[in-house]
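Trainee: I am new to this structure and would like a close look at a single part of it, the second largest pocket. Which residues line this pocket, and which of them lie nearest its centre?

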Amino acid sequence: MKTLTIAPLSTPKTITAEALLAIKEAKLLFVQTRLHPAAQPALESGVDFFAMDELYESASDFDALNEAIADRLTSGGDAVYAVMGDGCFSQLDAIERRCLERGFKLRVLSGVSYAKAAFPKMQSGLICSALETPERMDTSVPLYIQELDDALTCGEVKLKLLEYYPDEHPVELARLNKDGEYIVETLPLYELDRRSGLDFASVLRVPPLDFSKKERFSYYDLVDVMARLRARDGCPWDREQTHESLKRGLLEECYELLEAIDEGNDEHMAEELGDVLMLLTLHCTIAAEQLRFTERDVSSGIVKKMIYRHPHIFSNAVAHTSAEVLKNWDALKASEKRYEGKAAELRSVPKSFPALIRAAKVQKRAAKAGFDWKDAEEAFFKLPEEVGELREAMETGKGVEDELGDVFFALINIARLMGLDSEDLVHSSCEKFIRRYELMERLAASDGLKIEELPLIRQDEYWNRAKNAEKQP
């Protein structure tokens, strides 16, 4: 069987003895590029070679380039491919596929990474490519970013890093000189994309960031903070909290978030989202302490649910409209819950919901079973009947609560069938009432009066004046 050996070059100073021997004994030698200082050992090995430079220049994209390189490497017999860095990992899939097709055994030698060559004293840390920086930056360990080959790439890396590190955070940029040796420069992060002399071997070292100096934080930082607050020597208040004690606070924070959304104030909205996220994280922290579940279980559960309930995205189902999406969603949800009858589905609407929201949801679920008015106009004719029963109850003093509740329920039905949200409607009416009352006070004050000192008949006069003034354009 023919063998293709991949020999990493890294730099002229750090090539392994195994890689150098493979190059010198190669029957057929290919070099990734002759233009890089790291290629020096291959160029000076005394072995005839073929470089891939013209393929890099002519390929339409990286996929085409990788296929062309794989094709060339397996076009003859035993061969050695000298590559820059510690391996041609972006090309390996294409090379492995072509080796399998053409009966080649693939042998990949170990090499020294650019990061290790540039910073030989490195003991720990995360090494990544500039093209594939991690989604979550762990700022507590050193980060080594390889393949910073141009200012544009540096700019993209800088923007990603600035999500986690301060502008002035000192970083170390290592670049190869013409002799194949690394020169390391320390500079503030914000200047990263202002340097020249970059190539594929350039490496950036980002030192750890002390937690007290961080200006931007991730969700995992919040997890760590909550764990610290709940520790034995943590905050007394946080340590006392339970799932039950946090219920009202979570509800209040959600309402404050809704208010921020209505205001359209991004800063306020971000703050309130943070308060909600804090309480959710505290719930997860408490559960983790009790060995019940963790934030990873929570995120895993919701991700699985989203994938399952979006088969038109993650599977072969079809949904072209929002209505079709909701129909699929409800069918899948019903399959998950396995309700024993429609009444069980109605009862599953949480009692902890605000009453108006719960009523609308119960009505909506009943409607899906066909138990509903045809439209809002039909539902409206039910209202006088309910009002009449309320009047009768008030006269007899029996069943007032039930009948008054039925009136509310009927009104919510009308709003639902008109496509309106009862909760929003009542909130709007509250705002309108407060606004008119404020105008009443101002009108009375302009007459030298205090509204609260007037009899109801006079207050009503000012109310009508406020109401008429509000209606004027």
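**The second largest pocket**

Mentor: The second largest pocket has a lining of 24 residues, and those that lie nearest its centre are D330, K361, K364, R365 and K368. Please keep in mind as you look that this is a predicted model. The space in this pocket comes to about 650 Å³. When the lining is divided by class, eleven of its residues are nonpolar, two are polar and eleven are charged.

If you now trace the lining back to the helices, you will find that α14 (322-337), α15 (342-347), α16 (355-368), α19 (400-417) and α20 (422-446) each supply at least two residues. The element that gives the most is α16, with seven residues in the lining of the second largest pocket.

It may help to set this pocket beside the enclosed space in the model, where the count comes to one cavity of 30 Å³ or more. That largest cavity holds about 50 Å³ of space, and its lining is made by L126, P134, R136, M137, D138, V141, P142, L143 and Y165. By class, seven of the residues that line the cavity are nonpolar and two are charged, while no polar residue takes part.

From the cavity you can turn to the surface, where I302, V303, M306, I307, I313 and F314 make a nonpolar patch of about 540 Å². Two elements, α12 (295-308) and α13 (311-314), give two or more residues to this patch, and α12 gives the most, with four residues. One of the patch residues, I307, has its place in helix α12. With a relative accessible area of 40%, I307 falls between the limits of 20% for buried and 50% for exposed, and therefore I307 is described as partly exposed.

A useful contrast is K27, which is found in the loop between α1 (17-24) and β2 (29-31). The relative accessible area of K27 is 72%, which is over the 50% limit, so K27 is described as exposed. To get a sense of distance in the model, you can go from K27 to T396, since these two residues are 369 residues apart in sequence and lie 107 Å apart in space, taken from C-alpha to C-alpha.

To return to the part you asked about, begin with D330, K361, K364, R365 and K368, which lie nearest the centre of the second largest pocket, and then follow helix α16, which gives the most to the lining.

Key:
Residues numbered from 1 in each chain as written. Predicted model: local features only at pLDDT ≥ 70, side-chain atom pairs only at ≥ 80, totals over all residues. Heavy atoms only, no water. Patch = residues over 30% accessible without salt bridge, like charges linked within 9 Å, V, L, I, M, F, W, Y side chains within 5 Å. Areas by Shrake-Rupley, 256 points an atom, 1.4 Å probe, with all protein chains shown as cover. Salt bridge = Lys/Arg side-chain N within 4 Å of Asp/Glu carboxyl O. Buried < 20%, exposed > 50% of the residue type's maximum accessible area, 1.4 Å probe, protein only. 1 Å grid on protein atoms, 1.4 Å probe; cavity = no way out; pocket = protein on both sides within 12 Å on 5 of 7 lines; lining within 4 Å. Points joined across faces, edges and corners; volume = space filled by probe spheres on them. Nonpolar A, V, L, I, M, F, W, Y, C, P; charged D, E, K, R; others polar.
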